[in-house]
Amino acid sequence: MSSNATATVVRTGSGARFVIYTLLALFSLFYLLPLYVMVVNSLKPLSEIQAGGMMALPNEWTFAPWSTAWSTAQIGVEATGLRPFFWNSIIMVVPAVAISTVLGALNGYVLTKWRFRGDTIIFGLLLFGCFIPFQMVLIPMARMLGIVGLAGTVPGLVFVHLVYGIGFSTLYFRNYYQQFPTELVRAAMIDGAGFFTIFRRIMLPSSGPIAVVCIIWQFTNIWNDFLFGASFSDFDSQPMTVALNNLVQSSTGVKEYNVHFAGAIMAALPTLFVYIVAGRYFVRGLMAGSVKG
Amino acid sequence: MSQVAQNRRRKDWLREALPKIVLSPSLAMVLVFVYGFIFFTFYLSFTDSRILPSYGLVGWENYSKLFRIRAWDTAVTNLLIFGSLYIVICCALGLTLAILLDQKIRAEGFIRTIYLYPMALSFIVTGTAWKWFLDPGIGLQAVVRGWGWESFTFDWIKDGDMAIYTIVIAAVWQTSGFVMAMFLAGLRGIDNEVLKAAQIDGASNFALYRRIVIPQLRPAFMSAFVVLSHMAIKSYDLVIALTGGGPGTATELPATFMYSYTFTRNQMGIGAASATIMLMAIAAIMVPYIYSELREKK
């Protein structure tokens with residue numbers, strides 16, 4: 001959605017415009033509703049929710065659900081709160097995003113500026129790897145992580161996300177570098193610049209936007225992942241999504257809805273923050289991931 | 001051969017090979033951990049694996065067993081219901097919102113941000129929010145009853161026949177903004193000259209959209225279909241968070257079936273067979289799409 005694209009020439013009368021704005025506002029309410037429910041109910045005592053006041057603003061405002069969710073809520077057997085799992089997610093996401101982005105940039109560079117026979121097939125193979133149902137790799141991956149001693153560890157999860165993140169990061173950089181003038185690269189080659197020199201001096205300085213797109217995409221995907229986290233982590237290495245699910249699904253005791261909502265917001269905050277700060281890049285990543293080319 | 005010439009030769013070789021050397025770790029990882037693992041799981045689907053992989057071949061037995069399991073039947077039926085509604089509603093809603101937003105709307109960027117933010121959330125977060133909002137005991141039903149409409153009933157999430165539709169609601173909520181963005185990008189790429197000419201000929205707005213605009217959105221429809229259908233087949237997290245596959249097995253999908261048969265029921269051979277069928281379904285959609293995309297680019 002570039003801003004310079006042309007708006008429609010279709011003309012609408014004032015009556016129609018009133019209807020359009022009303023509809024747009026109603027749909028805004030639909031999209032905001034769950035967020036409103038989460039925020040409002042994370043700030044009220046449990047009794048108000050149980051009394052049927054889910055849609056109302058709190059009578060008594062309280063941060064207690066937040067501190068419970070963060071540091072004392074029962075996750076599985078221990079009352080640790082979500083804090084350690086939030087940390088797990090961070091130390092999982094950072095290296096996985098960094099390494100897959102660097103590899104993606106190098107791959108994209110090779111696949112566009114150092115083309116060789118069969119490079120399109122290789123790219124196709126990498127690309128299809130993004131879309132496979134991961135159920136197809138769960139069993140062997142669990143075996144392999146067990147054999148090399150990474151089962152149930154954060155490094156194991158980093159590795160898994162790295163492997164299945166390369167396809168997308170390569171896609172982004174390849175499509176971006178394809179637009180980059182090959183003549184510049186040729187000229188540098190004639191001047192005797194080598195593979196890495198060209199990458200560092202010519203490609204990297206202009207890669208800022210696509211690097212942001214790629215980092216945001218990988219960050220959002222890996223932070224939000226549940227399947228790999230649920231399959232390959234132990235209690236100690238659970239990422240945030242898995243811990244949140246355990247918190248919400250735990251069947252013991254009273255269901256503390258307000259704590260669940262506070263926990264859900266905590267799990268959502270990092271990606272929401274990125275979306276609000278750099279939404280433009282997030283949308284670009286989404287589009288590039290769906291409309292290849 | 002002189003030392004110098006030999007050095008130069010080695011240098012030339014390195015220069016030639018360096019790009020391939022740089023690419024090779026990624027390629028090796030994908031070959032082993034994507035394609036090797038796919039082959040391994042495919043192989044397991046023909047073995048008598050139970051709690052652990054075992055290598056006694058049993059032919060098509062796992063597949064014939066799979067198709068006789070009621071829960072698999074439910075999962076496939078659910079996927080067809082969920083997938084078709086999810087795709088159709090997302091496309092209809094996405095297209096409508098895109099057309100509305102394309103009418104030189106004030107604060108367009110702001111509204112777009114609101115429509116799209118669910119895409120940034122984890123399905124676990126979405127599932128949690130909708131799970132309690134749809135819960136008859138405390139959510140919408142309780143609230144409306146509290147407002148005075150005592151007989152109001154909305155308990156789909158607890159109703160085996162209706163629960164699958166709650167998955168549709170939450171999934172549409174999460175992805176329809178994204179589909180809107182795809183259509184909006186398509187709308188912005190349409191050539192206005194044709195529209196102006198048709199306007200001069202007296203075409204109504206409805207006719208403009210039906211006859212000129214929507215037919216030109218074919219590529220956007222294509223991408224939306226591919227993205228949504230592949231997301232539907234892979235749907236796992238949302239079901240786990242929203243209903244856990246229940247009540248009973250009412251909202252089981254192939255992805256949740258595969259997981260429970262492989263890891264909790266210790267029927268790894270059958271789990272592998274179900275994963276293989278999921279892969280076939282996705283490949284049938286993605287391979288032609290990727291092939292055509294890559295061919296066009298050349």
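User: Hi! Before we start, what counts as buried, exposed or partly exposed here?

Analyst: Hi! A residue is buried if 20 or more other C-beta atoms lie within 10 Å of its own, exposed if 12 or fewer, and partly exposed in between, with C-beta atoms placed from the backbone. Keep in mind that this is a predicted model.

User: Thanks. So which of those classes does B:G244 fall into, and why?

Analyst: B:G244 is partly exposed, because 15 other C-beta atoms lie within 10 Å.

User: And where in chain B is B:G244 placed?

Analyst: You'll find B:G244 in a loop of chain B, the one that runs between α11 (237-242) and α12 (254-264).

User: How far is B:G244 from B:A170?

Analyst: Their C-alpha atoms are separated by 14 Å, while along the chain the two residues are 74 residues apart.

User: Switching topic to the two chains. How many residues does each one put into the contact?

Analyst: Chain B gives 89 residues and chain A gives 78 residues.

User: Which element of chain B supplies the largest share of that side?

Analyst: That would be helix α1 of chain B, residues 3-44, which brings 16 residues to the side touching chain A.

User: What's the residue make-up of that side of chain B?

Analyst: On the side of chain B that touches chain A there are 62 nonpolar residues, along with 16 polar and 11 charged.

User: OK, domains now. How is chain B divided?

Analyst: Into domain 1, covering 1-44, and domain 2, covering 63-297. The centres of these two domains of chain B, taken over C-alpha atoms, are 40 Å apart.

User: How many residues of the two domains of chain B are in contact?

Analyst: In chain B, 4 residues of domain 1 are in contact with 6 residues of domain 2. The domain 1 side of that contact has 3 nonpolar residues, 1 polar and no charged.

User: And what does the assignment give for chain A?

Analyst: For chain A, domain 1 is 14-62, and domain 2 is made of 83-250 + 260-290. Their C-alpha centres lie 34 Å apart, and the contact takes 4 residues from domain 1 of chain A and 4 residues from domain 2 of chain A. By class, the domain 1 side has 2 nonpolar, 2 polar and no charged residues.

User: Last thing: what are the confidence scores for chain B and for the complex?

Analyst: Chain B has an average pLDDT of 90, with 99% of its residues scoring at least 70. For the complex, the predictor gives an ipTM of 0.91 and a pTM of 0.91.

Technical notes: Residues numbered from 1 in each chain as written. Chains lettered and ligands numbered in written order. Predicted model: local features only at pLDDT ≥ 70, side-chain atom pairs only at ≥ 80, totals over all residues. Helix = DSSP H or I, 4+ residues; strand = E, 2+ residues; numbered from the N terminus. Contact = placed C-beta atoms within 7 Å. Nonpolar A, V, L, I, M, F, W, Y, C, P; charged D, E, K, R; others polar. Domains from an automatic or database assignment. pLDDT = per-residue confidence, 0-100.
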